[in-house]
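Thanks for coming, everyone. I'll walk you through one structure today. Please have it open as I talk.

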Amino acid sequence: MKNISEVTNCYGCLSCVDRCPTKCISVTETKLGHQIPYVDQSKCVECGACIKICPDITNHDLKMPLSVVAAWNVDINERLKSSSGGIATLIANEIINGGGVVYGCSFEEPFEFKHIRCENIASLAKLRGSKYVQSNTVGIYTKIRQDLKDNRKVLFIGTPCQVTAVNNYFNKPKNLFTVDLICHGVPSVKILKESIPKQILNTQITNVEFRQNTKYQFSLLKGRFTLYNRPIATDLYLKAFFTGLDYRESCYKCRFAHIMRSGDITLGDFWGLKLKLPVYERGYGVSLCLINSEKGYNLLRSTNKQTKQHIRSLEEAVLENQPLVHPKKKTFRVRLFNCLYPHIGFRLATICAIPEIYIKSKIIRY
Ligand SMILES: Cc1cc2nc3c(=O)[nH]c(=O)nc-3n(C[C@H](O)[C@H](O)[C@H](O)COP(=O)(O)OP(=O)(O)OC[C@H]3O[C@@H](n4cnc5c(N)ncnc54)[C@H](O)[C@@H]3O)c2cc1C
């Protein structure tokens with residue numbers, strides 16, 4: 001293999017774009033709008049640098065969890081602002097308070113989802129909340145390299161393929177900490193935009209929410225005002241997302257939808273938790289934390305004062321959390337969506353692929 005153009009299962013981490021010494025790799029899109037690298041073969045010197053760091057080829061650093069913890073932020077207001085137990089934000093706070101920097105996914109105007117660098121507590125608010133779409137990481141690796149050179153502590157939070165890309169790019173420096181999310185797949189920003197009415201998309205949007213704590217609903221905001229709001233019962237984008245219709249191709253063959261993890265800590269929702277808790281406690285969200293390394297243990301321990309933590313079993317962790325066992329299946333519905341989408345667009349392709357779910361959502365709306 002001479003360069004990244006021969007990789008068949010691209011995860012879209014785009015670390016190859018940052019890594020290429022001759023800058024011959026740029027970004028292009030698939031039919032479904034997913035970003036993939038494009039190599040200008042005339043400029044490629046076949047050094048193999050892009051191949052060495054590609055998560056599809058190099059992913060040796062996967063770790064078996066050392067322990068499983070159910071955890072949540074004891075400050076209810078803070079916890080309600082997060083997706084599950086709010087542990088990602090607490091860990092990020094600790095890194096910033098220790099003089100470090102945090103990289104995570106943010107919505108950026110006019111309508112972009114990308115990893116950004118945060119140097120203070122205020123900017124961490126932009127990372128909060130799960131964005132159910134693929135985040136753009138171009139340029140992030142170069143910034144992390146500089147921070148590590150400057151001897152700063154760096155925390156990177158992202159999907160397991162993105163975390164593997166970061167681990168591959170840097171050879172296990174002691175200052176690099178990683179948190180991977182349990183992930184069942186990512187649609188493209190192109191598809192998300194198509195699911196939104198044009199007149200709304202043309203106005204200024206300052207934030208996008210896919211869930212409010214444990215309640216799934218899709219909202220577009222301008223400052224404090226809600227411009228658009230759809231609960232999961234009636235939102236076609238969330239319906240397609242949870243049915244797994246519109247993920248990038250690599251998600252259906254994902255090597256990281258497995259119990260072996262890439263981050264120092266893995267975070268998700270503790271759906272299978274058997275711990276007896278008051279109904280409100282569970283309703284506010286509980287984080288599933290897989291501690292995968294000593295660094296991960298120390299990261300979670302640094303939040304001890306602000307969290308409640310309970311040691312749980314691995315069996316409980318994988319219960320009702322399929323991405324810890326295998327990737328989403330590429331069903332007939334997915335194939336149908338993939339075939340139809342380029343010709344008839346998101347809405348009609350989704351209706352054809354999941355007609356009974358669409359009809360049910362119409363009845364609920366009515
Ligand atoms: C696409 C996707 C699919 C997921 N699927 C599952 C699942 O099947 N099962 C499960 O248990 N959990 C899943 N999660 C994880 C879950 O939704 C929460 O993100 C996780 O529990 C952390 O919650 P928190 O309250 O600790 O974090 P919060 O305080 O809400 O912070 C969220 C963190 O996630 C990062 N993030 C958000 N969106 C993205 C993105 N698109 N790409 C990369 N990083 C992002 C942000 O940088 C931030 O640091 C998924 C998350 C994503 C983004």
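Let's start with two helices. Helix 13, residues 332-353, and helix 14, residues 355-365, have axes that come within 13 Å. Those axes cross at roughly 35 degrees. Which residues meet there? From helix 13 we have R333, R347, I351, C352 and A353. They meet P355, E356 and Y358 in helix 14. Sort the residues of that contact and you get five nonpolar, no polar and three charged.

One caution before going on. This is a predicted model. Keep that in mind throughout.

Stay with helix 13, and bring in helix 9, residues 236-243. The axes of helix 9 and helix 13 come within 11 Å. They cross at roughly 55 degrees, which means helix 9 is oblique to helix 13. Is the crossing left-handed or right-handed? It is left-handed. Helix 9 brings L236, Y237 and A240 to the contact. Helix 13 brings F346, R347, T350 and I351. Here the split is five nonpolar, one polar and one charged. Note two residues you have heard before. R347 and I351 of helix 13 touch helix 9, and R347 and I351 also meet helix 14.

Helix 9 has other neighbours too. It lies across strand 8 and strand 9. Its direction makes about 135 degrees with strand 9.

That takes us to the sheet those strands belong to. It is an open sheet of three strands, in the order 8-9-10. The pairing is antiparallel. Which strands are at the edges? Strand 8, at 207-212, and strand 10, at 225-231, each pair on one side only. From one strand to the next, the twist averages 20 degrees.

Look closer at strand 8 and strand 9. Strand 9 covers residues 215-222. The two strands run antiparallel, joined by five bridges. To find your place, look for V208: it stands opposite L220 in strand 9.

Now the other sheet. How many strands does it have? Eight, in an open sheet with the order 5-4-6-7-11-12-3-13. The pairing is mixed. Strand 5 and strand 13, at 307-312, are the edge strands, and each pairs on one side only. The twist averages 25 degrees from one strand to the next.

A helix packs on this sheet. It is helix 11, residues 294-301. Which strands does helix 11 touch? Strand 3, strand 6, strand 7, strand 11, strand 12 and strand 13. Its direction makes about 140 degrees with that of strand 12.

Go to one end of that order, where strand 5 sits beside strand 4. Strand 4 is residues 101-108, and strand 5 is residues 112-118. They pair in the antiparallel sense over seven bridges. Y103 has R117 in strand 5 as its bridge partner. A hairpin of three residues joins strand 4 to strand 5.

That loop holds something to notice. P110 sits in the loop between strand 4 and strand 5. The peptide bond from E109 to P110 is cis, with omega near 5 degrees. Why point that out? Most peptide bonds are trans, and most residues other than glycine have a negative phi.

The second half of that rule has an exception here as well. E46 is not a glycine, yet its phi is positive, about 55 degrees. You will find E46 in the loop between strand 2, at 35-39, and helix 2, at 49-52.

One more helix pair. Helix 5 is residues 140-149, and helix 6 is residues 160-169. They pack at an angle of about 50 degrees, with axes 11 Å apart. That angle makes helix 5 oblique to helix 6. The crossing is right-handed. In helix 5, the residues are Y141, I144 and R145. They meet A165, V166 and Y169 in helix 6. That contact divides into five nonpolar, no polar and one charged.

Last, step back to the domains. The protein is divided into domain 1, at 4-52, and domain 2, at 67-187 + 247-324. How many residues link them? 15 residues of domain 1 are in contact with 21 residues of domain 2. Taken over C-alpha atoms, the centres of the two domains are 26 Å apart.

That's the tour. Over to you.

Key. Residues are numbered from 1 along each chain as its sequence is written. This is a predicted model: local features need pLDDT of at least 70, side-chain atom pairs count only at pLDDT 80 or more; totals for chains, interfaces and linings use all residues. Side-chain values use heavy atoms; hydrogens and water are left out. Axes are lines fitted to C-alpha atoms, for helices over the stretch in contact, and angles run from 0 to 180 degrees between N-to-C directions. Helices (H or I, at least four residues) and strands (E, at least two) are DSSP runs, numbered from the N terminus. Angles under 35 degrees count as roughly parallel, over 145 as roughly antiparallel, 65 to 115 as roughly perpendicular and the rest as oblique. A crossing is left-handed if the near helix is turned anticlockwise from the far one by less than a right angle, and right-handed if clockwise. Contact means heavy atoms within 4.5 Å. Ala, Val, Leu, Ile, Met, Phe, Trp, Tyr, Cys and Pro count as nonpolar, Asp, Glu, Lys and Arg as charged, and the others, Gly among them, as polar. Two strands pair if DSSP finds at least two bridges between them. Domain bounds come from an automatic or database domain assignment.
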